[in-house]
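The report below looks at charged pairs, cysteines and a nonpolar part of the surface in one protein model. Please keep the coordinates open while reading.

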Amino acid sequence: SWFCRMFRAPAQVCGLLVLLAASLNPAANAFLSSPAALRGAQRVASVCAAPDGQFRLASARAQGTKMAMAQMDPVELSTLNLLREQGQKEMHANPPRVMVAGATGRVGRLVVEEIIKRVPGSTVVAIVRNVTLGEEAFGKLMKDNQGRVVIREANLGRSKELARAMASCDRVIWCATGFSGPRGKSKLNLLGRVLRFKIGQLTGRALDVRGPAKAAEIWKKRRGAKPDGVLPKIVLLSSAAVTRPSWPEAKAARFSEAANIPIVKLNPLGILGTKLKGEDRLRASGVPYTVVRACGINATHPSGDLSVTSGDTAIGRINPGDLATVLATVLTLPEATGKTFEVYAKVDAETPTAGLGDWFKTTRGTKTQLAEGLVSLKLDSERTEDEC
């Protein structure tokens with residue numbers, strides 16, 4: 001895809017050039033003499049020729065054997081590396097200015113720290129309800145990273161305030177939700193929050209539904225209808241199990257353990273369906289995105305290997321720190337663009353990965369291994385209804 005854009009070469013020529021580059025690796029010589037090499041080059045050429053080739057490339061393997069990264073053929077691996085190089089160039093050419101919505105939440109405040117740590121040259125715009133509280137939360141981080149953390153006060157449910165909050169930002173990580181625990185111990189406070197949430201659901205203005213899509217709309221107006229680059233521009237923190245209340249009986253029976261976890265049975269205030277609507281509206285926006293569906297967020301859960309899967313059948317837990325690492329890291333991964341995935345931390349490092357389809361294990365905080373899990377997953381646009 002890089003040759004196509006730079007030299008306007010036909011896709012078939014690009015495939016052969018990538019094949020030639022791969023042949024320079026002595027370890028690949030045996031493979032390159034096999035019929036599989038030609039099939040690989042043809043597949044690369046067909047992917048590059050597609051209108052959305054730069055995004056489809058990362059999921060080409062998911063349509064075949066879904067083997068581990070170490071078993072990718074040289075053509076696919078070389079082409080994937082070109083995609084990653086383009087992502088690195090995009091990141092370094094324009095160091096991102098990232099708006100974090102919900103920056104003072106239990107995950108959001110850690111996301112701010114992780115972006116500073118993991119995305120070189122980045123600036124974080126932390127959106128808060130109260131500047132004083134924001135300064136208390138990020139005072140030390142601001143002092144240690146002069147100019148890289150900016151605090152802005154905004155009501156994300158109001159379009160004009162959201163637009164002002166996004167001024168000069170080219171990336172968004174959305175951790176905000178209209179469904180959160182009560183502030184303070186007042187029962188009246190809790191009742192008011194519940195009523196506001198229900199009114200938002202009934203009117204279609206719930207923050208979880210409208211917020212991410214509105215951010216995408218603002219982004220498009222400022223950046224153009226056809227965004228450049230291969231990296232995700234909006235990362236949405238969602239929840240595992242959002243599709244399960246609407247599963248048909250056959251699927252619920254097939255994945256009975258996933259269908260019967262407490263959050264699915266209780267589904268307080270219909271929150272799962274509300275979050276799913278928010279996902280759907282973001283996916284329909286046309287802005288390059290990633291949806292991260294966190295399994296049970298638990299502050300006491302130990303850090304462990306991150307399990308990345310798709311299909312909304314995952315069961316597990318993840319602590320806020322590990323989740324923040326994932327959210328910050330996917331900003332830098334072209335393999336994450338256009339994909340929805342579930343993630344949890346698996347403490348048992350002995351669990352084998354062979355034969356588990358979309359399930360991949362990765363070391364905590366390791367960008368390379370997280371990418372290996374993501375590259376095997378299909379793009380959302382290529383999934384069947386049963387795979388969502």
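What follows treats the salt bridges, then the cysteines, and finally a surface patch.

The structure is a predicted model, and a search of the whole of it finds 17 salt bridges. Side chains of opposite charge can pair when their charged atoms come close. Three of the pairs are set out here, with the distance given between N and O atoms.

| Acidic residue | Basic residue | N to O distance |
|---|---|---|
| Glu-114 | Arg-118 | 2.4 Å |
| Glu-279 | Arg-283 | 3.0 Å |
| Asp-280 | Arg-283 | 2.8 Å |

Glu-114 and Arg-118 both belong to helix α7, which covers residues 108-118, and they stand 4 residues apart in it, about one turn of the helix. How accessible are the partners of this pair, Glu-114 and Arg-118? Glu-114 has a relative accessibility of 9% and therefore counts as buried, the cut-off being under 20%, whereas Arg-118, at 30%, counts as partly exposed.

Helix α15, residues 271-283, holds both Glu-279 and Arg-283, and because these are 4 residues apart they are separated by about one helical turn. Asp-280 and Arg-283 lie 3 residues apart in helix α15, so that about one helical turn separates this pair as well. Arg-283 thus takes part in a salt bridge with Glu-279 and in another with Asp-280. Salt bridges with shared partners link Glu-279, Asp-280, Arg-283, Arg-293 and Glu-342 into one network. Within this group the accessibilities vary: Glu-279 is buried, with a relative accessible area of 0%, while Arg-283 is partly exposed at 23% and Asp-280 is partly exposed at 38%.

How many disulfides does a search of the whole structure find? The search finds 0 disulfides, where a disulfide would need a pair of cysteine sulfur atoms within 2.5 Å. Among the cysteines, Cys-169 counts as buried at 5% relative accessibility, and Cys-175 counts as buried at 13%.

The last feature concerns the nonpolar surface. Which residues make the nonpolar surface patch of about 420 Å²? The patch is made by Leu-188, Leu-191, Leu-195 and Ile-199. Of these, Leu-195 is found in helix α10, which covers residues 187-203. Leu-195 has a relative accessibility of 48% and so counts as partly exposed, a value that satisfies the requirement of over 30% relative accessible area for patch residues.

Methods
Residues numbered from 1 in each chain as written. Predicted model: local features only at pLDDT ≥ 70, side-chain atom pairs only at ≥ 80, totals over all residues. Heavy atoms only, no water. Patch = residues over 30% accessible without salt bridge, like charges linked within 9 Å, V, L, I, M, F, W, Y side chains within 5 Å. Areas by Shrake-Rupley, 256 points an atom, 1.4 Å probe, with all protein chains shown as cover. Salt bridge = Lys/Arg side-chain N within 4 Å of Asp/Glu carboxyl O. Helix = DSSP H or I, 4+ residues; strand = E, 2+ residues; numbered from the N terminus. Buried < 20%, exposed > 50% of the residue type's maximum accessible area, 1.4 Å probe, protein only.
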